[in-house]
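Reader: I'd like to walk through a fold with you, feature by feature. Could we begin with charged side chains and work inwards from there?

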Amino acid sequence: GENQEETNANDEVTAEIYDVNYSEELEKNPKVLLSSKEEMDTYLQTVSENENDMAMVTAMSDKYDEEYFKEKSLALVYVVMPSEGVTVEYEGSSIQDNIITVQYKVNELEEGTVGATVMTASFIVLEVDKDITEIK
């Protein structure tokens, strides 16, 4: 029906995926909505304190400035993987009543491959409109 088209329009939210080290602290609150540069900087500080990979912090600090946050927000989803070599893939998102639902899948290792059983994690970072109030 006509609703189909509406849903598809929402699927154009693009995502960046940043691989980071696992952190128990970050896992406690895996879905975070950031609506200002200040909020982002504070959160990224938490990220850098809890893992030693600064690439995401640097990339995001460079990419999103105060101008960006005048128009949009960022939705972050923290996905934990059970072992090395497992990857996460963004499959799209849908928006309803100001709530964004993020779909992703975790790609298991190929049969017979054994990754080091080190917990790893990834952030899915989405650029969303200001009216988004919640992430599912």
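Reader: Which side chain meets aspartate 129 in a salt bridge?

Author: Keep in mind that this is a predicted model. A salt bridge here needs a Lys or Arg side-chain nitrogen within 4 Å of an Asp or Glu carboxyl oxygen. Aspartate 129 pairs in this way with lysine 72, at 3.8 Å from N to O. The two sit in distant parts of the chain, with aspartate 129 in strand 6 and lysine 72 in strand 3, 57 residues apart.

Reader: How exposed are lysine 72 and aspartate 129?

Author: Partly exposed is the class between 20% and 50% relative accessible area. Lysine 72 counts as partly exposed because its value is 26%. Aspartate 129, at 44%, is partly exposed too.

Reader: How many salt bridges are there in the whole structure?

Author: A full search gives 7. One of them joins lysine 105 to glutamate 89, at 4.0 Å from N to O. This pair also links distant parts of the chain: lysine 105 belongs to strand 5 (residues 99-107) and glutamate 89 to strand 4 (residues 87-96), 16 residues apart. With a relative accessible area of 35%, glutamate 89 is partly exposed. Through shared partners, Glu16, Lys63 and Glu127 form one network. There is also a bridge between lysine 28 and glutamate 25, at 3.2 Å. Lysine 28 is exposed, since its relative accessible area is 61%, whereas glutamate 25 is partly exposed at 41%.

Reader: Back to strand 3. Which strands does it pair with?

Author: In a regular strand, side chains alternate between the two faces of the sheet. Here, strand 3 (residues 72-81) pairs with strand 2 (residues 31-34) in the antiparallel sense, over 4 bridges. Lysine 31 stands opposite valine 77 there. Strand 3 is also joined to strand 6 (residues 120-129) by 10 bridges, again antiparallel. On that side, valine 80 faces alanine 121 as its opposite residue.

Reader: Is strand 3 mostly covered or mostly open?

Author: Mostly covered: 8 of its 10 residues are buried. For the protein as a whole, 35% of the 136 residues count as buried.

Reader: Which residues touch the most other members of the largest nonpolar core?

Author: A core of this kind is a set of buried nonpolar residues joined through side-chain contacts. The largest one has 21 residues, and Met56, Met60, Leu74, Leu76 and Phe123 touch the most other members. Elements giving two or more residues include strand 1, strand 2, strand 3 and strand 6. Helix 3 gives the most, with 4 residues. Apart from this core lies another, of 15 residues, with Val77, Val88, Ile100 and Val128 among them.

Reader: What does phenylalanine 123 touch?

Author: Leaving out residues up to four places away in sequence, its partners include Ile17, Tyr43, Val47, Met56 and Leu76.

Reader: And lysine 37, is that buried or exposed?

Author: Lysine 37 lies in helix 3 (residues 37-50). At 17% relative accessibility, lysine 37 counts as buried, because the cut-off is under 20%. Beyond its neighbours within four places in sequence, lysine 37 is in contact with Ser61, Tyr64, Asp65, Glu66 and Phe69.

Reader: What share of the contacts with a separation of 6 or more joins residues 24 or more positions apart?

Author: That share is 78%. The protein has 5 helices and 7 strands.

How values were computed. Residues numbered from 1 in each chain as written. Predicted model: local features only at pLDDT ≥ 70, side-chain atom pairs only at ≥ 80, totals over all residues. Heavy atoms only, no water. Buried < 20%, exposed > 50% of the residue type's maximum accessible area, 1.4 Å probe, protein only. Contact = heavy atoms within 4.5 Å. Pairing = 2+ DSSP bridges. Core = buried A, V, L, I, M, F, W, Y, C linked by side-chain atoms within 4.5 Å.
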